[in-house]
Amino acid sequence: MKTTTSSFLVLLLSLIIITLIILTPTGEAQGTSFGFYSRTCPNVESIVRSTVQSHFQSDPTVAPALLRMHFHDCFVQGCDASILINGPNTEKSAFPNRLLRGFDVIDDAKKQLEASCPGIVSCADILTLAARDSVSLTKGVGWPVPLGRRDGTVSLDSDTNNLPAFTDSIQVQVQKFADKGLNAQDLVTLVACQFFSNRLYNFSTTTTTGADPTIDPAFVPQLRALCPQNGDGSRRVALDTGSQNTFDDSYFKNLKNGRGVLESDQKLWTDPATRTIVQRYSGTIRGLFGLRFSVEFARSMVKMSNIGVKTGSQGQIRRVCTAVN
């Protein structure tokens, strides 16, 4: 009973802190606000959540996919749903975005919202809400989302150079985050990529297997079974081994144990600039007030979702998320 009560109190404290952190002026970008659609489309959040939940029940991997899509959208032209626009030479067609998924979830939510309140809710807000809901559906803690974003009208594949790459050094990644108003802690909290086969074969001459020496040797056979040499490069592999369908801090514990799937992920542990942050997250509780990873993640997500927000005449409300009006 003591353990249950203690866990409940920690969770309650986390929820209170999340609310205090986010329900402040810094939680809102210029032109966005909490309750933005309270009169014009009061059911927006429930419609988006039910849509995400329906797709999640059929395919739980859509949750991290939506989170990643939101990340890729915000880092290019800001959080304006430009990642959703179809066509040649658009962000969606760029190499870093070719394996993104979950577009059907956003299209489904948009279709339902257009039927309920036509021309009111932006695709940018739908994607932001869907990312939040994908976290809560995987046992993460939700957070209030300021709304009022407009949709962008420009989408260029050349702009995706701003995205953090799996081969980037920590210094380069930190700078890319800093350019967006995010810090090293936000980097550690939010980062995720997908390419790792290069770490398994002919990476190093210092190991008998030829694999990256920072990988736990006992973990190499498991990764090679999932990603055979010259195998299917489009195969999807969980980055958070052992806890891929649950939102928790096991990702950081994996890094500490040399079980980061990606080279860029494992660098978070091996580089002194970010190692301390990983150490603080890989414990049960961190920080002066016992803040948990979920609290810091919510804070970083709100910061990221305010990058380059377009409001008023800066954007539009697309009738269809895949095309500019």
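**Notebook: helix packing around α4 and α5**

I started with α4 and α5, whose crossing is right-handed (clockwise turn of the near helix from the far one by less than a right angle; anticlockwise would be left-handed). Helices here are DSSP runs of H or I with at least four residues, strands are E runs with at least two, and both are numbered from the N terminus. Before going on, I noted that this is a predicted model, where local features need pLDDT of at least 70 and side-chain atom pairs count only at pLDDT 80 or more, while totals for chains, interfaces and linings use all residues. Residues are numbered from 1 along each chain as its sequence is written, and side-chain values use heavy atoms, with hydrogens and water left out.

**α4 with α5**

I looked up the geometry next: the axes of α4 (residues 103-116) and α5 (residues 123-137) come within 10 Å and cross at roughly 120°. Axes are lines fitted to C-alpha atoms, for helices over the stretch in contact, and angles run from 0 to 180 degrees between N-to-C directions. The pair is therefore oblique (under 35 degrees is roughly parallel, over 145 roughly antiparallel, 65 to 115 roughly perpendicular, the rest oblique). On the α4 side I found I106, A109, K110 and L113 in contact with C123, I126, L127 and A130 of α5 (contact: heavy atoms within 4.5 Å). By class I get seven nonpolar, no polar and one charged residues. Nonpolar covers Ala, Val, Leu, Ile, Met, Phe, Trp, Tyr, Cys and Pro, charged is Asp, Glu, Lys and Arg, and the others, Gly among them, are polar.

**α2 with α5**

I then turned to α2 (residues 44-58), which packs on α5 at about 55° with the axes 9 Å apart. That makes α2 oblique to α5, and the crossing is right-handed. From α2, the contact uses V44, E45, V48, R49, V52, Q53 and F56; from α5, I126, L129, A130, R132, D133, S134, S136 and L137. My class tally for this contact reads eight nonpolar, three polar and four charged.

**α3 with α4**

For α3 (residues 62-74) and α4, I have axes within 9 Å, crossing at roughly 85°. These helices are therefore roughly perpendicular. V62, L66 and M69 of α3 meet F103, V105 and I106 of α4. The classes come out as six nonpolar, no polar and no charged.

**Two residues I checked**

H55 sits in α2. I asked myself: is H55 buried or exposed? H55 counts as buried, at 19% relative accessibility (buried is under 20% relative accessible area, exposed over 50%, partly exposed in between, 1.4 Å probe, protein chains only). Leaving out residues up to four places away in sequence, H55 touches V62, D104, V105 and D108.

G87 lies in the loop between α3 and α4 and is partly exposed, at 34%. I also looked at G87 against T322: the C-alpha atoms are 8.8 Å apart, with the two positions 235 residues apart in sequence numbering.

**Whole chain**

Finally I pulled the totals: the protein chain has 12 helices and zero strands. Of its 325 residues, 51% count as buried. Of the contacts with a separation of 6 or more, 72% join residues 24 or more positions apart. The accessible surface comes to about 14800 Å², with 55% belonging to carbon and sulfur atoms (Shrake-Rupley method, 1.4 Å probe; for residues, only the protein chains shown count as cover).
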